Amino acid sequence: MPVLDIVAIQDILPHRYPLLLVDRILELEETRVVGLKNVTATEPHFQGHFPGYPVMPGVMIVEAMAQVAGVLVLSQIPDRKNKVVLLTTIDSAKFRKPVVPGDQIRIEMTVISKRASVAKMRGEARVDGDLVAECT
């Protein structure tokens, strides 16, 4: 059973279609979160990104990772309706394998450091256990 379903995620994140890229949160701890992104052929980016060979753009995978991280950060803020969490830096992003429609991305984000209003996190995205992307 998911810890957070899509309704609960929409209560935490301000994102909406077509940019809400988190379908479920499976685990939510103080310094770690695991989320799922179901990749479907009807997503708008597939119309223009390698037509005939649909590959999820790496930037969309990183955005999904950032949103999973955002759930962790915002879930710990009492007045989150009046706050915005922004992605400010991407370090060491690596894309290992293509992600295609029908895949389910399991995203795990872990806090490396946290001070005041800034959290540095490390993340991995996997499909069927295989690493497809990683970044800090």
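**Entry 1: strands S1 and S2**

I started at Arg-24, which stands opposite Leu-36 in S2. The model I am reading is a predicted one. Arg-24 took me to the pairing of strand S1, residues 24-28, with S2. I find four bridges between S1 and S2, and the two run antiparallel. The connection is a hairpin, with three residues leading from S1 to S2.

Next I checked the cover on S2. Is strand S2 mostly covered or mostly open? I note it as mostly covered: of its seven residues, 32-38, six are buried.

**Entry 2: from S2 to S4**

I then looked for the other pairing of S2. S2 pairs with strand S4, residues 104-115, through seven bridges in the antiparallel sense. I took Val-33 as a marker; its bridge partner in S4 is Met-109.

**Entry 3: the whole sheet**

I traced the strand order next. I read S1-S2-S4-S5-S6-S3, an open sheet of six strands with antiparallel pairing. Which strands stand at the edges? I find S1 and strand S3, residues 94-95, there. Each has a single partner strand, so one side of each is left without a neighbour in the sheet.

What packs on this sheet? I see helix H2, residues 58-75, touching S1, S2, S3, S4, S5 and S6. I noted its direction against S4: the two make about 55 degrees.

**Entry 4: S5, S6 and S3**

I moved on to strand S5, residues 118-127, and strand S6, residues 130-135. Five bridges pair them in the antiparallel sense. I looked up Gly-123 and found Cys-135 as its bridge partner in S6. S5 and S6 form a hairpin with two residues between them. In that turn I picked out Asp-128, whose phi is positive at about 55 degrees.

S6 also pairs with S3. I count two bridges joining S3 to S6, again with antiparallel strands. Lys-94 stands opposite Glu-134 in S6.

I add a general reminder for reading side chains here: in a regular strand they alternate between the two faces of the sheet.

**Entry 5: Glu-43**

I went to the loop between S2 and H2, where Glu-43 lies. Is Glu-43 buried or exposed? I put it down as buried, because its relative accessibility is 9%, and the cut-off for buried is under 20%.

I then asked what the side chain of Glu-43 meets. It makes a polar contact of 2.9 Å with the side chain of Lys-37. A polar atom of the Glu-43 side chain also lies 2.7 Å from the backbone nitrogen of Thr-40. Setting aside neighbours within four places in sequence, I list Leu-21, Lys-37 and Asn-38 as contacts of Glu-43.

**Entry 6: Ile-9**

I turned to helix H1, residues 6-12, and picked Ile-9 in it. Ile-9 counts as buried, because its relative accessibility is 0%.

Which residues are in contact with Ile-9, leaving aside neighbours within four places in sequence? I list Leu-4, Leu-20, Val-22, Asp-23, Arg-24, Ile-25 and Val-71. Arg-24, where I began, is on that list. I also took the spacing of Ile-9 and Leu-20. They are 11 residues apart in sequence and 9.3 Å apart in space, from C-alpha to C-alpha.

**Entry 7: the chain overall**

I finished with the whole chain. I count two helices and six strands in the protein chain. From the N terminus on, I read the elements as α-β-β-α-β-β-β-β.

How does the radius of gyration fit a compact globule? A compact globule of 136 residues would have a value near 14 Å, and the chain has 14 Å, so the two agree. The C-alpha atoms fill a box of roughly 45 × 30 × 30 Å along the principal axes.

I noted the burial figure too: 35% of the 136 residues count as buried. The accessible surface comes to about 7900 Å², and 55% of it belongs to carbon and sulfur atoms.

My last look was at contacts between residues at least 6 apart in sequence. Of these, 58% join residues at least 24 apart.

Definitions and conventions: Residues are numbered from 1 along each chain as its sequence is written. This is a predicted model: local features need pLDDT of at least 70, side-chain atom pairs count only at pLDDT 80 or more; totals for chains, interfaces and linings use all residues. Side-chain values use heavy atoms; hydrogens and water are left out. Buried means under 20% relative accessible area, exposed over 50%, partly exposed in between (1.4 Å probe, protein chains only). Two strands pair if DSSP finds at least two bridges between them. Contact means heavy atoms within 4.5 Å. Axes are lines fitted to C-alpha atoms, for helices over the stretch in contact, and angles run from 0 to 180 degrees between N-to-C directions. The radius of gyration is taken over C-alpha atoms; the globule rule is 2.2 Å times the number of residues to the power 0.38. Accessible areas come from the Shrake-Rupley method with a 1.4 Å probe; for residues, only the protein chains shown count as cover. A polar contact is a pair of N or O atoms within 3.5 Å; within protein, one must be able to donate a hydrogen and the other to accept it, and residues adjacent in sequence count only if both atoms are side-chain atoms.
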